[in-house]
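Visitor: I would like a close look at a single helix of this model, together with the parts of the chain that surround it. Please take the description slowly and keep to what can be checked in the structure itself.

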Amino acid sequence: MKAIAEGLILRIVVERALRRNWDRLFFYALRLSGSRDAAADLLQSCAMKALAGAPPEEDERLRPWLFTILRNLWIDEHRREQASEVAATEADAPEGGYWRHHDSLIAEITVRQALERLDPSHRDILELIDLAGFRYGEAAEILGIPQGTVMSRISRARAALLEAVEGGNLRVLPLRRRQVGG
């Protein structure tokens, strides 16, 4: 009887934490997956796993715990997709669809592509701190690394992202040699 009551209390705690963080979890899932449908599926899986799991006892650790579940689910799913995917990149591009967009969309695509080129450890830290709004301690807990590592990694990650954005889109074209005198 006591175990059933404790189980119900834990379920209520997890449900409340899910409701409080639902929007942030969704946007984090959207950022990870790049698709609203995939984000919704990922969030649903996260909720199922959280409700079936054992939450941390401290309330302040619930939010990082939920984000850790979501992130780990995405990593598992991403690995499965990579294992089954062979080559579907350029063939999937819409015909002529990339040429009619606003500057903000182009900037978003540029940053997104730059993020994809970053080392996964840099990408993870930027997504958690700059996009999801976690504090350094929370990000350290989610990633399972010391807070000092988070602090040093975030500055290197931001520099790498800036370099990828600035340098990634510019290509030096070969100069034509002028023919002098003839």
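**Helix α5 and its surroundings**

Guide: In this predicted model, helix α5 covers residues 120-131, and its buried residues are His122, Arg123, Asp124, Ile125, Leu126, Glu127, Leu128 and Ile129. An α-helix has 3.6 residues a turn, so residues three or four places apart point the same way. The buried residues of α5 form an unbroken run from His122 to Ile129, and among them are charged side chains, including Arg123, Asp124 and Glu127, as well as Ile125, Leu126, Leu128 and Ile129. After the helix comes Gly133, which has a positive phi, near 80 degrees.

His122, which lies in helix α5, has a relative accessible area of 17% and counts as buried, because the cut-off for that class is under 20%. Leaving aside residues up to four places away in sequence, His122 touches Arg153, Arg156, Ala157 and Ala160.

Another partner of α5 is helix α1, which spans residues 2-33. The axes of α1 and α5 come within 11 Å of each other and cross at roughly 150 degrees, and the crossing in which α1 passes α5 is right-handed. The residues that meet here are Tyr28, Arg31 and Leu32 on the side of α1, and Glu127, Leu128 and Leu131 on the side of α5. Glu127 and Leu128 therefore belong both to the buried run of α5 and to the contact with α1, as a comparison of the two lists shows.

Tyr28 leads from this contact to the aromatic rings. Three aromatic pairs are counted in the model. In one of them, Phe26 and Phe27 have ring centres 5.7 Å apart and planes at 70 degrees, and because an angle over 60 degrees counts as edge-to-face, the pair is placed in that class. Phe26 itself is buried, at 15% relative accessibility. In another, the ring centres of Tyr28 and Phe67 are 5.3 Å apart and the planes stand at 45 degrees, so this pair is tilted. Because Tyr28 lies in helix α1 and Phe67 in helix α3 (residues 62-84), the pair ties together parts that are 39 residues apart in sequence. Both partners are buried, Tyr28 at 2% relative accessibility and Phe67 at 0%. Ring pairs also bring in Phe134, so that Tyr28, Phe67 and Phe134 are linked into a cluster, and Arg63 lies over the face of Phe134, at 4.3 Å from the ring centre.

A contrast to these buried side chains is offered by Glu57, which is found in the loop between α2 (36-52) and α3 and is exposed, with a relative accessible area of 76%. The C-alpha atoms of Glu57 and Leu10 are separated by 9.1 Å, although the two residues are 47 residues apart along the chain.

As for the setting of α5 in the whole, the protein chain has seven helices and zero strands. Of its 182 residues, 32% count as buried, and the accessible surface comes to about 13100 Å², with 54% of that area belonging to carbon and sulfur atoms. Among contacts between residues at least 6 apart in sequence, 65% join residues at least 24 apart.

Note on methods. Residues numbered from 1 in each chain as written. Heavy atoms only, no water. Buried < 20%, exposed > 50% of the residue type's maximum accessible area, 1.4 Å probe, protein only. Helix = DSSP H or I, 4+ residues; strand = E, 2+ residues; numbered from the N terminus. Contact = heavy atoms within 4.5 Å. Areas by Shrake-Rupley, 256 points an atom, 1.4 Å probe, with all protein chains shown as cover. Phe/Tyr/Trp six-rings, centres within 6.5 Å; stacked < 30°, edge-to-face > 60°. Lys NZ or Arg CZ within 6 Å of the ring centre and 35° of its normal. Axes fitted to C-alpha atoms, helices over the stretch in contact; angles between N-to-C directions. Left-handed = near helix turned anticlockwise from the far one by under 90°.
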